[in-house]
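Colleague: Got a minute to walk me through this one? I'd like to start with the ligand site.

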Amino acid sequence: MLDFSLSEDQQAVKKMVRKFVDREIMPHIEKWDAEQHFETGIIEKMADLGLMGVCIPEEYGGQGMDYNTLAIVCAELERGDTAFRTAVSVHTALNSMTLLQWGDEFQKEKYLTPQAQGRKVGAYGLTEPNAGSDVAAIQTRAVKDGDSYILNGSKTWISLCDVADHILVFAKTSPDDGHRGISCFIVEREYPGVTTRGFKNKLGIRAGNTGEIFLENVRVPKVNLVGEEGEGFKIAMSALDNGRFSVAAGAVGLIDACIEACVKYANERETFGRPIGRHQLVQQMIAKMVAGFETSQLLVYRVGWMKNRGLRNTRETSLAKWYACDAAFNAAVDAVQIHGANGYSHEFSVERYMRNAKAPVIYEGTREIHQVMQGEYALGYRKDKELRKKLPEWPFEKEEVLS
Ligand SMILES: Cc1cc2nc3c(=O)[nH]c(=O)nc-3n(C[C@H](O)[C@H](O)[C@H](O)COP(=O)(O)OP(=O)(O)OC[C@H]3O[C@@H](n4cnc5c(N)ncnc54)[C@H](O)[C@@H]3O)c2cc1C
């Protein structure tokens, strides 16, 4: 049976986050964006509201809500700004959900629990200067040394690099084995040899924190190896199943913001003696936004539904992410168009939406990578098998989570 309604809990979360965004983000975001300032106070406030671990079981410090509630949170946050949705995508979806799926009890207790409570911040370090889409080309090395690994290398374009306490770092333990030679480690910022450097002057998400992480002879205890040695590629990809879901959900929020801004402007601005909303070509641009919003939302909620049921969702997540991010970027470009010259100025938020909307078309799998994936699935060249570890189904069963 299909059910398109939100539960009472989901409606309450949506309302709460919308209010939070209107009160805590909207009044300051233009300034933070202009000053390229990442406001960590927002992370603390989101933690107080339980937003940093909304779909993590209560046993591990989270709110125990379903995966579509994460989508709702992401959509509402991105209505405010992509920076804070990106923070939740990285912290909750890419890092915490990966620990929930692949981590052992020690790792869940030591790292997942404080992250879900929002007391510690997590990041995800996969991309390197010479390896983005081509993950198997990463060069960061991890060499076993007694009860530890010694990590050397660098990561780039890492969201939250300057604020994260824990970083999931992917490194080669067996450099000759391609993607099978990659392993995943939890690296603490405080470990000697870890340094970071945030970027300035990005095109968009200027109110966010993104940059480089350098690892110089970093000693990581063996107990911080996530999954098995050589399992890192699978872990990285399954993390992206969650990250991409949250990115797609955020894109829905960005389209929502575009519609909100354009409906207001189109009813106020007049040309040729009537509001521009009365011109059919302006209506067409708004109609396309509405179609993008509704279609993307349906694709996202289907993925959340699959996650709740423990179904493998790589194909559906990739489609949702590709479609929603393209729709959001197109909506933002048209939103600028509807605002005419005013849209080309800092005075109106739509130019920020347009700059912000480009990054999600690039990160967590570029548009081209998702198109290739969808083509390969359709042609039968790509098939997914069950993974060794699954994300727990929702509602969370205590014994299931602890197994
Ligand atoms: C704001 C921002 C935040 C980010 N945050 C993180 C983060 O937190 N953690 C992290 O690990 N990474 C992060 N990234 C990095 C991001 O995931 C990579 O930029 C992305 O995977 C693409 O890699 P690349 O930039 O090296 O591009 P490349 O892989 O070099 O691709 C360049 C171009 O070639 C195309 N291309 C490549 N291969 C193919 C192919 N097989 N077929 C067709 N076209 C192809 C691409 O689509 C693209 O257009 C972030 C990036 C941005 C912009």
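Colleague: How many residues surround the ligand, and which are the closest?
Modeller: Bear in mind that this is a predicted model. The shell around the ligand holds 21 residues. The closest of them are L126, G132, S133, T366 and E368.

Colleague: Which elements give two or more residues to that shell?
Modeller: Two strands and two helices do so. The strands are β1 (122-125) and β3 (148-159), and the helices are α10 (350-362) and α11 (367-379).

Colleague: From which domains does the shell draw at least three residues each?
Modeller: By character, the shell divides into 11 nonpolar, 7 polar and 3 charged residues. As for where they come from, at least three residues are drawn from each of domain 2 (124-232) and domain 3 (233-402).

Colleague: OK, on to α8. What does its buried side pack against?
Modeller: Helix α8 runs over residues 280-308 and reaches 42 Å from its first C-alpha to its last, close to the 42 Å expected. Its buried residues include M289, F293, Q297 and V300. An α-helix has 3.6 residues a turn, so residues three or four places apart point the same way. The packing partners of the buried residues of α8 are α4 (67-80), α7 (232-268) and α9 (314-338).

Colleague: And which residue just after α8 takes a positive phi?
Modeller: Helix α8 ends at residue 308. Just after α8, a phi of about 70° turns up, and the residue is G310.

Colleague: Last one: what does the UniProt annotation call residues 7-118?
Modeller: In the model, that span is 73% helix and 0% strand, with its end C-alpha atoms 25 Å apart. The name comes from an unreviewed UniProt entry, which annotates residues 7-118 as "domain: Acyl-CoA dehydrogenase/oxidase N-terminal".

Note on methods: Residues numbered from 1 in each chain as written. Predicted model: local features only at pLDDT ≥ 70, side-chain atom pairs only at ≥ 80, totals over all residues. Helix = DSSP H or I, 4+ residues; strand = E, 2+ residues; numbered from the N terminus. Expected span 1.5 Å × (residues − 1). Buried ≥ 20, exposed ≤ 12 C-beta atoms within 10 Å, placed from the backbone. Contact = placed C-beta atoms within 7 Å. UniProt positions renumbered as here; feature names shortened; annotations may be inferred. Near = placed C-beta within 6 Å. Nonpolar A, V, L, I, M, F, W, Y, C, P; charged D, E, K, R; others polar. Domains from an automatic or database assignment.
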